[in-house]
Number of protein chains: 2
Amino acid sequence: MEAIAVDCMGGDYAPLEIVRGCILAARELGCKVYLVGKEEEIYPILKKAGEDKNPLLEIINAEEKIEMNEPPSNVLRKKNSSLFVAAKLVREGVAQGLVSAGNTGAVLAVGKFVVGAEEEVERPAIGVALPNPKGKTVLIDVGANVDCKPRHLVQFAVMGHTYAEVMLGIKNPRVGILSIGEEEGKGNELVKETYPLLKATRLNFKGNAEGRDIYAGTFDVIVCDGFVGNVILKASESLGLAVVQMIKEEIKKSWLAKLGALLLMPALNNFKKKADFAEYGGIPLLGAKKPVIITHGRANAKAIKNSIKVALEFLDTHFNEKLTQNLKTLIPEGVNV
Amino acid sequence: MEAIAVDCMGGDYAPLEIVRGCILAARELGCKVYLVGKEEEIYPILKKAGEDKNPLLEIINAEEKIEMNEPPSNVLRKKNSSLFVAAKLVREGVAQGLVSAGNTGAVLAVGKFVVGAEEEVERPAIGVALPNPKGKTVLIDVGANVDCKPRHLVQFAVMGHTYAEVMLGIKNPRVGILSIGEEEGKGNELVKETYPLLKATRLNFKGNAEGRDIYAGTFDVIVCDGFVGNVILKASESLGLAVVQMIKEEIKKSWLAKLGALLLMPALNNFKKKADFAEYGGIPLLGAKKPVIITHGRANAKAIKNSIKVALEFLDTHFNEKLTQNLKTLIPEGVNV
């Protein structure tokens with residue numbers, strides 16, 4: 001049976017919401033979960049839920065934890081942290097996937113160096129499926145790698161392609177490279193050097209994508225350097241929050257607007273579901289040897305359960321086998337150098 | 001009297017809305033406007049508005065125009081285009097500012113090479129004041145320069161500082177550099193090299209800003225490479241459009257929600273005013289010898305009038321003198337190399 005190791009000490013609502021998420025996963029998904037962290041904190045939560053004897057929920061004690069602002073360099077030295085121990089369970093084959101809502105840099109570090117990269121993959125990358133009116137667009141990389149070389153972006157493109165095909169069910173996904181103009185030749189040095197390489201692959205490469213394409217549904221996969229992807233992702237999140245706050249301020253000024261907002265709530269909630277990270281779980285580090293799911297720091301029980309579900313889906317769909325295959329067949333020899 | 005040269009052939013609604021914007025500017029701001037473009041198209045619009053004899057509105061005939069997808073390299077060769085002729089009026093001192101809603105790359109090209117850069121400025125950059133719940137944050141550069149060197153970012157920081165101080169009235173603006181982590185040492189090579197230089201300036205440098213700070217009001221000025229700024233700006237715009245469209249789809253499904261939306265309209269319109277480019281006019285190319293205002297391609301008459309207003313404000317506040325002064329006093333010798 002497949003088992004997922006969950007870092008129970010990472011995240012704003014750890015350990016309570018994380019443990020609750022593990023319980024939901026065991027109950028609803030029927031999977032085995034290793035709850036890694038301080039036993040004295042985890043056990044009472046399981047006991048209170050009447051789940052302390054559930055064989056699907058096994059505590060692995062780990063005395064230390066990684067703080068949210070701890071530099072990733074510390075992480076690999078702190079071998080008794082819940083995150084490191086969870087990653088080691090995956091490395092040793094005890095568990096087949098890792099979920100953590102902790103410090104993203106730390107999860108990346110153990111994902112890259114403890115779980116390790118899949119053969120053929122030079123640099124694992126974070127792919128995120130962003131919603132748009134027509135469906136979803138995979139943006140990759142959103143923060144695992146900065147100062148990328150062209151060959152890395154080519155690999156990200158294949159990872160994004162595989163993610164779109166296997167996990168989102170998109171056939172022959174349209175792949176673009178993020179740039180600041182539509183035409184070939186527009187962009188920075190990295191884009192200009194990567195463009196001909198992508199053109200030479202067997203991907204359905206559609207050329208340059210612009211910032212406006214990210215939420216427009218005009219591409220299925222958009223590749224970029226992790227620095228660029230990360231600031232876009234975080235700017236998007238903050239824009240969403242700012243807009244909501246500014247609209248709320250305006251609504252407060254009039255009772256008619258307040259009533260209007262009330263009537264709109266169900267529609268807004270339906271929309272929120274499409275955009276809410278808690279619904280779709282965490283974000284995968286693609287190219288790691290086993291699924292590594294980075295969950296939002298504000299993750300609640302539902303987000304954790306859904307992250308575990310995502311990890312299982314990666315296993316069930318044989319994502320890594322397909323990725324390895326695609327890296328071999330979609331990139332002609334000579335392009336990957 | 002100050003005069004602004006307006007490219008009447010650039011933009012989705014050119015020449016009608018552009019000419020109408022010039023008329024509004026002459027009427028409401030009392031400034032002289034050179035309407036540059038095909039006389040046979042511009043004159044009938046002026047005549048119909050009863051403004052063909054207004055001495056504030058002077059047509060300068062230019063036979064050609066720059067298309068929206070025309071490469072910037074063509075622009076400098078097409079010397080009879082409305083954009084080039086308008087820029088030349090500024091260069092020659094006939095007009096003191098340039099406004100165009102045309103092809104952004106083309107406006108940048110004439111801004112940099114026909115109007116030219118202010119002394120002390122190595123690379124003019126586009127600064128945009130983005131709204132947040134607490135006020136505005138200047139993001140610079142959003143597309144004039146890619147593959148920047150650290151010293152360029154330092155200059156952008158001073159341009160952004162001057163813009164925030166002079167145009168937004170922010171005292172001692174908090175300056176940050178866009179990165180992917182808060183702590184010094186996080187980021188890509190460019191950020192790591194620029195950080196100590198910014199620290200050595202006399203700016204109110206607050207360290208790394210993250211993507212989430214752009215719309216949070218935690219910094220007054222955020223500097224970045226033009227590639228990064230451009231994709232963020234365009235992604236933000238497309239996210240806004242996507243959210244509105246997705247919410248509309250949900251609203252359509254229920255009559256209660258439709259009613260709610262109706263009651264909310266005034267509040268939403270108030271919010272929209274804060275975010276709408278037509279309200280605040282165009283985006284300035286900072287560091288050009290004279291104000292160059294890049295207006296949105298979808299600009300209507302109001303956006304054009306407001307862009308002309310912005311150009312006049314740059315002149316009235318002696319922005320360039322202050323910028324030149326700041327470049328000399330805020331950057332200690334040795335940093336700018």
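User: What is the sign of phi at B:G93, the residue that follows α4(B)?
Analyst: Positive, near 85 degrees. Bear in mind that this is a predicted model, where local features need pLDDT of at least 70 and side-chain atom pairs count only at pLDDT 80 or more, while totals for chains, interfaces and linings use all residues. Residues are numbered from 1 along each chain as its sequence is written, and chains are lettered from A and ligands numbered from 1 in the order in which they are written.

User: What makes α4 of chain B "mostly covered"?
Analyst: 9 of the 10 residues in this helix, 82-91, are buried. Buried means 20 or more other C-beta atoms within 10 Å of the residue's own (12 or fewer is exposed, anything in between partly exposed, with C-beta atoms placed from the backbone). Helices here are DSSP runs of H or I, at least four residues, and strands are runs of E, at least two, numbered from the N terminus. Among the buried ones are B:F84, B:V85 and B:K88. The cover includes β1 (3-7), β2 (32-37), β3 (57-61), β4 (97-100), α3 (72-75) and α5 (104-115) of chain B.

User: How do you know that A:L203 is buried?
Analyst: A:L203 has 22 other C-beta atoms within 10 Å, so it passes the cut-off of 20 and counts as buried. A:L203 sits in the loop between α7 (189-200) and β8 (204-209) of chain A. Leaving out residues up to four places away in sequence, A:L203 touches A:A157, A:V158, A:H161, A:V175, A:L198 and A:L330; a contact here is two backbone-placed C-beta atoms within 7 Å. A:N326 is 123 residues from A:L203 in sequence, yet the C-alpha to C-alpha distance is 9.6 Å.

User: Which residues touch the most other members of the largest nonpolar core?
Analyst: A:V6, A:L35, B:V6 and B:L35, out of 222 residues. A nonpolar core is a set of buried Ala, Val, Leu, Ile, Met, Phe, Trp, Tyr and Cys residues joined through C-beta atoms within 7 Å. There's also a second, separate core of 12 residues, which includes A:A257, A:A261, B:A261 and B:L263. Back to B:V6: beyond four places in sequence, its contacts include B:I18, B:C22, B:A86, B:I304 and B:I308.

User: Why is the relation between chains A and B called a two-fold axis?
Analyst: A turn of 180 degrees with a shift of 0.0 Å along the axis lays chain A on chain B, at an RMSD of 0.0 Å, and that is the relation of a two-fold axis. The fit is by least squares on C-alpha atoms of residues with pLDDT of at least 70 in both copies. In chain A, the C-alpha nearest the axis belongs to A:G260, 1.8 Å away.

User: How do you know that the copies meet through the same surface?
Analyst: 100% of chain A's interface residues are also interface residues in chain B, so the surface is the same. In total, 52 residues of chain A contact 53 of chain B. α8 (226-252) and α9 (255-275) of chain A each supply at least two residues of chain A's side, and α8(A) gives the largest share, 19 residues.

User: Where are the domains of chain A?
Analyst: Domain 1 is 1-121 + 278-337 and domain 2 is 128-253, with bounds from an automatic or database domain assignment. Their C-alpha centres lie 25 Å apart, and the contact takes 21 residues from domain 1 and 19 from domain 2.
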